Amino acid sequence: MGIGTSIFLIAVGAILTFALDASPGGFDLDVVGWILMAAGVLGLIMTTLIWGRRRSAVVTTDQPVRQVEEPVEYRRVEEPVEYRRVEERRDVAPPL
C-alpha cells in the first residue's frame with residue numbers, strides 16, 4: 001500500500017465517520033469509517049518504514065576491480081566542414 005492509498009483510506013474513513021449520519025441496515029458506517037482510518041494509518045506507517053529503510057541502505061563490497069586486457073577501439077569524430085557566422089543587431093527594429 002502506498003502513501004496515496006493510505007491517505008485515501010484515511011479520508012474516506014473520516015468522511016464515513018464524521019460527515020455521514022446514515023445507518024443502512026445491518027452495519028454502522030461509523031465503525032466502517034474508523035476501520036478504514038485505522039487501516040490507512042497502519043498502511044502509512046508501514047510504507048514510511050519500508051521506504052525509509054530502503055533509502056538508507058548502502059551496500060559496499062571489498063572486491064578488487066578487474067582489469068580488462070581487451071583493446072579499445074577508437075573512432076574518429078568528423079567535425080563540420082562549414083560554419084556560419086550569425087550576427088544580431090539590436091539597434092535596428094525588426095521588420096513588421
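This is a short walk through the structure, one selection at a time.

Before you click, know that the model is predicted, so local features need pLDDT of at least 70 and side-chain atom pairs count only at pLDDT 80 or more, while totals for chains, interfaces and linings use all residues. Residues are numbered from 1 along each chain as its sequence is written, and side-chain values use heavy atoms, with hydrogens and water left out.

**Stop 1: the whole protein**

Show everything as a cartoon. You should find two helices and zero strands; helices (H or I, at least four residues) and strands (E, at least two) are DSSP runs, numbered from the N terminus. Of the 96 residues in the protein, 11% are buried. Here buried means under 20% relative accessible area, exposed over 50%, and partly exposed in between, with a 1.4 Å probe and protein chains only.

Switch on the surface if you like: about 9,600 Å² is exposed, and carbon and sulfur atoms supply 60% of it. Those areas come from the Shrake-Rupley method with a 1.4 Å probe, and for residues only the protein chains shown count as cover.

**Stop 2: helix α1**

Select residues 3–19, which form α1. At 1.5 Å a residue, its 17 residues should span 24 Å, and the end C-alpha atoms are 23 Å apart, which agrees. The expected span is 1.5 Å times one less than the number of residues.

Now colour Ser6, Leu9, Gly13, Leu16 and Thr17, the buried residues of α1. They cover an arc of only 95° around the axis, so they sit on the same side of α1; the arc is that of the directions from the helix axis to the C-beta atoms. Turn the helix around, and the face pointing away from the buried side carries the exposed residues Gly4, Phe8, Phe18 and Ala19.

**Stop 3: helix α2**

Select residues 29–56 for α2. Within that helix, pick out 32–51, which an unreviewed UniProt entry annotates as "transmembrane region". UniProt positions are given in the numbering used here, feature names are shortened, and annotations may be inferred rather than shown by experiment. In the model, the span 32–51 is 100% helix and 0% strand, with its end C-alpha atoms 28 Å apart.

**Stop 4: methionine 37 and alanine 14**

Zoom in on methionine 37, in α2. With 11% relative accessibility, methionine 37 counts as buried. Which residues is methionine 37 in contact with, leaving aside its neighbours within four places in sequence? Look for Leu9, Ile10, Gly13, Ala14, Thr17 and Phe18, where contact means heavy atoms within 4.5 Å. From methionine 37 to glycine 13 is 4.9 Å, C-alpha to C-alpha, though they are 24 residues apart in sequence.

Click alanine 14 next, over in α1. Alanine 14 is partly exposed, at a relative accessible area of 25%. Not counting residues up to four places away in sequence, alanine 14 touches Ala19 and Met37.

**Stop 5: an aromatic pair**

The structure holds one aromatic pair. The ring centres of phenylalanine 18 and tryptophan 34 are 5.7 Å apart and the planes are at 80°, so the pair is edge-to-face. Rings of Phe, Tyr and Trp (its six-membered ring) pair if their centres lie within 6.5 Å; planes under 30 degrees apart count as stacked, over 60 as edge-to-face and the rest as tilted. Phenylalanine 18 belongs to α1 and tryptophan 34 to α2, and both are exposed.

**Stop 6: threonine 47**

Finish in α2 at threonine 47. Is threonine 47 buried or exposed? Its relative accessibility is 5%, so threonine 47 counts as buried. Leaving aside neighbours within four places in sequence, threonine 47 is in contact with Met1, Gly2, Ile3 and Ser6.
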